[in-house]
Structure formats: C-alpha cells, structure tokens
Amino acid sequence: MPFYVVKRALPGVTPEVLQSAGLRAKTCCAEMTGEGQPVRWVRSFFLPETAETHCYFEAGSKDAVEEANQRARIPFTQITEVEEMTPEMV
Amino acid sequence: MGDVDTAASFAIFAAKQGGAAEVTPDHILLGCMRVISRFGIAVIGAWSVDLESLGVDWVRQPAGPRPKVAYSGETVALFDQAARIAKSTGAASVGITHLLAAFASEDAGLMGELKRTYGITNSSWRAAIAALEQAEPGSGEKTQAPEYLSPEQAAEALGIHVQTMRAYIRSERLPAYRLAGERAIRVLRSDLEKVLEPLSSGAEGKKEKEN
C-alpha cells in the first residue's frame with residue numbers, strides 16, 4: 001500500500017493536544033480499516049521550529065487518508081503521496 | 001490497562017447505531033462504561049449503573065448503508081482534557097480513567113443525567129475514578145475469593161446478569177441473607193451451585209418464570 005505524508009500547521013500546539021490528536025487518528029484509522037477501507041497511521045514528526053507536523057499514513061488511497069483525518073478532526077494543509085526509503089533498501 | 005481504543009470503538013458503534021453523524025461525549029461515556037462493565041453493570045464508586053437502562057444495545061447493527069461518523073468538536077475537547085489529566089498524573093499514555101475523569105465537570109448530556117440520578121458531584125466522581133484507577137493495577141489481590149457475595153459478585157461468579165441473580169433470590173431458589181439492620185443482601189459462595197442443573201436432566205423444563 002502507498003504511503004502518504006499529511007502536513008499540518010499547528011502553532012501553539014501542546015504535547016497533550018498532539019497526544020489527543022494521535023489517539024483520535026489511531027481510533028479512526030482502526031474504524032475505517034474495520035469498515036473495509038484500510039488506513040494506518042504509521043508515525044508523526046513534530047518540527048518545533050516551524051510548529052509543523054508531518055504525519056505518515058499507509059492507505060489504499062489519498063481519499064482514505066483525508067477521510068481519516070476529517071473523522072479524527074485533525075486539521076491539515078496538504079496530503080501528498082511519498083516514496084518510502086530505508087537504510088535496508090539502499 | 002484501561003483500553004481507550006476499545007472504548008472509542010464502542011463509542012463509534014453507539015453513534016452508528018443511533019444514526020448520528022458525530023461521536024459525541026455521550027457516546028464516549030457509554031463506551032468507557034462498557035469497557036469497565038461486567039455483565040452489563042458498570043460499577044464506579046458506590047454507583048452501579050445498568051448499561052441497558054441507558055439504552056446500550058449490545059448487538060443491534062446500524063440500519064441502512066454503513067454510516068461514517070466523525071468525532072464532534074466537544075469530543076475533541078474531551079480527548080484534549082483527558083490528555084491533560086493523564087499528563088498531570090504522570091501517565092505516559094491516556095487511559096480509560098483519564099477519559100472518565102474528564103467528565104467530572106460536565107453537567108450536560110448523559111453525564112448530567114447520571115449526576116442527577118445518582119447524586120454524583122464533581123468531586124465524588126473524581127474520587128470514584130481515582131479509586132478505580134488505584135484498583136486496576138492491583139488485580140492480583142483478587143485471588144482470595146470472598147465467602148459471602150453481594151448479588152453483583154454472585155452474578156459475576158456465575159457469569160449471568162445481576163437481574164437473573166436477583167430473580168433467583170426472590171424466588172428462593174438461592175438462599176440469601178440480609179445483614180442485620182441493613183438493606184444489603186449476601187449469598188454464600190458455596191450455595192451458588194444450587195441454581196446449577198445438569199443439562200441431561202430435562203433441560204426443557206427449567207425455563208420457568210424468570211421474574
């Protein structure tokens with residue numbers, strides 16, 4: 001399944017709000033996967049200097065990633081498909 | 001130990017069952033209580049809440065096409081509050097008790113209804129949830145089974161609904177004792193097998209009056 005990065009601008013966000021968002025993302029992904037629309041939150045990186053968050057999802061489609069974020073009520077600025085690369089692959 | 005994922009899943013299911021477009025705090029509260037319940041009863045502090053009386057339907061599937069539900073704005077705020085409570089207690093992750101504690105100052109919806117029905121106050125709810133949190137890790141203490149059981153404990157021991165247990169007591173199929181001068185009823189653990197019948201001895205005849 002393809003990977004996607006979801007970019008968010010979250011100025012002033014606290015660690016607790018990020019934790020709450022993660023919980024909502026995880027549970028919405030589980031629900032959608034159970035409904036037959038596979039989507040998995042893989043991991044996120046918070047960039048303190050720009051107050052941005054990059055969240056990586058694995059899903060059947062970009063639409064599924066968008067829907068999971070809408071259901072979880074987590075705002076985003078952009079969703080883009082990405083190519084995965086790990087040290088083991090090179 | 002408390003499973004927030006499961007509570008959220010129950011909450012989403014309840015929203016879908018009700019045909020709601022959003023998962024509200026009421027659904028989350030039902031989901032949390034369902035996770036901590038045993039045989040349909042959620043015991044929080046001194047309050048035993050029968051989930052069926054709150055409209056929980058364990059099996060009915062949502063009608064029509066599969067609805068898609070999103071968390072409501074109030075539910076987002078509730079999760080945020082639970083995360084803040086988790087942090088204030090030094091917990092690494094958000095647990096079911098943090099979510100339940102986040103309802104303490106809620107006076108609307110289902111929580112407001114529970115407060116009015118059971119006389120729950122903000123502080124008594126917080127104290128009960130704190131006790132629940134303390135009780136969870138110490139489940140190892142449960143190895144010593146008590147000899148005298150409350151109807152709730154007796155129902156749990158047999159894996160039946162507490163209403164069924166009360167019916168056994170009312171119909172005198174199970175001996176029960178009233179604590180002197182109190183309303184509380186106890187049954188003897190060793191008496192429990194009196195309501196067990198072997199399947200071979202006429203299973204048909206045993207479904208008599210149940211209430």
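This is a conversation between a student and a tutor about a predicted model, with chain B at its centre.

Student: Let's start with the overall picture. How many helices and strands does chain B have?

Tutor: Chain B contains eight helices and seven strands. Of its 211 residues, 31% count as buried. Chain B is also divided into domain 1 (4-135) and domain 2 (145-196).

Student: How far apart are the centres of domain 1 and domain 2 of chain B?

Tutor: Taken over C-alpha atoms, the centres are separated by 29 Å. The two domains do touch: five residues of domain 1 of chain B are in contact with six residues of domain 2 of chain B. On the domain 1 side, those residues divide into two nonpolar, two polar and one charged.

Student: Now for the helices. What makes H1(B) oblique to H2(B)?

Tutor: Look at the angle. Helix H1 (residues 4-17) of chain B and helix H2 (residues 25-36) of chain B have axes that cross at roughly 130° and come within 7 Å. Angles of 65 to 115 degrees count as roughly perpendicular, and those over 145 as roughly antiparallel. The value of roughly 130° falls in neither range, so H1(B) is oblique to H2(B). The crossing itself is right-handed.

Student: Which residues of H1(B) and H2(B) make that contact?

Tutor: From H1(B) come Thr6(B), Ala7(B), Ala8(B), Phe10(B), Ala11(B), Ala14(B) and Ala15(B). H2(B) answers with His27(B), Ile28(B), Leu30(B), Gly31(B), Cys32(B), Arg34(B) and Val35(B). Sorted by class, the residues of this contact are ten nonpolar, three polar and one charged.

Student: Why is H2(B) called oblique to H5(B)?

Tutor: The same kind of reasoning works here. The axes of H2(B) and helix H5 (residues 109-118) of chain B cross at roughly 60° and come within 7 Å. Angles under 35 degrees count as roughly parallel, and the roughly perpendicular range runs from 65 to 115. Roughly 60° belongs to neither of these, and therefore H2(B) is oblique to H5(B). Here Pro25(B), Asp26(B), Leu29(B) and Leu30(B) of H2(B) meet Gly109(B), Leu110(B) and Met111(B) of H5(B). Five residues of the contact are nonpolar, one is polar and one is charged.

Student: Let's turn to single residues. How do you know whether Ala70(B) is buried or exposed?

Tutor: Count its neighbours. Ala70(B) has 21 C-beta neighbours inside 10 Å, and 20 or more are needed for a residue to be buried. Ala70(B) reaches that cut-off, so it counts as buried.

Student: Where is Ala70(B), and what does it touch?

Tutor: Ala70(B) is in strand E4 of chain B. Leaving aside residues up to four places away in sequence, Ala70(B) touches Gln70(A), Arg71(A), Arg73(A) and Glu22(B). Ala70(B) and Ile12(B) are 58 residues apart in sequence, but their C-alpha atoms are 8.4 Å apart in space.

Student: How many residues of chain B are in contact with chain A?

Tutor: There are 16 residues of chain B in contact with 15 residues of chain A. On the chain B side, H1, strand E4 (70-71) and helix H3 (73-88) each give two or more residues. H3(B) supplies the largest share, six residues. By class, this side of chain B has nine nonpolar, one polar and six charged residues.

Student: What makes Ser123(B) exposed?

Tutor: Ser123(B), in helix H6 (residues 122-135) of chain B, has 9 other C-beta atoms within 10 Å. A residue is exposed at 12 or fewer, so Ser123(B) is exposed. Its C-alpha atom is separated by 7.4 Å from that of Ala104(B), 19 residues apart along the chain.

Student: And why is Ala51(A) called partly exposed?

Tutor: Ala51(A) has 13 other C-beta atoms within 10 Å. Exposed means 12 or fewer and buried means 20 or more; 13 lies in between, so Ala51(A) is partly exposed. Ala51(A) sits in the loop between strand E2 (39-47) and strand E3 (52-59) of chain A. Its phi is positive, about 55°, although it is not a glycine.

Student: How do you know that Glu172(B) counts as exposed?

Tutor: Glu172(B) has 8 C-beta neighbours inside 10 Å, and the cut-off for exposed is 12 or fewer. Glu172(B) therefore counts as exposed. Glu172(B) lies in the loop between helix H8 (162-170) and strand E6 (177-178) of chain B, and its phi is near 65°, a positive value in a residue other than glycine.

Definitions and conventions
Residues are numbered from 1 along each chain as its sequence is written. Chains are lettered from A and ligands numbered from 1 in the order in which they are written. This is a predicted model: local features need pLDDT of at least 70, side-chain atom pairs count only at pLDDT 80 or more; totals for chains, interfaces and linings use all residues. Axes are lines fitted to C-alpha atoms, for helices over the stretch in contact, and angles run from 0 to 180 degrees between N-to-C directions. Helices (H or I, at least four residues) and strands (E, at least two) are DSSP runs, numbered from the N terminus. A crossing is left-handed if the near helix is turned anticlockwise from the far one by less than a right angle, and right-handed if clockwise. Two residues are in contact if their C-beta atoms, placed from the backbone, lie within 7 Å. Ala, Val, Leu, Ile, Met, Phe, Trp, Tyr, Cys and Pro count as nonpolar, Asp, Glu, Lys and Arg as charged, and the others, Gly among them, as polar. Domain bounds come from an automatic or database domain assignment.
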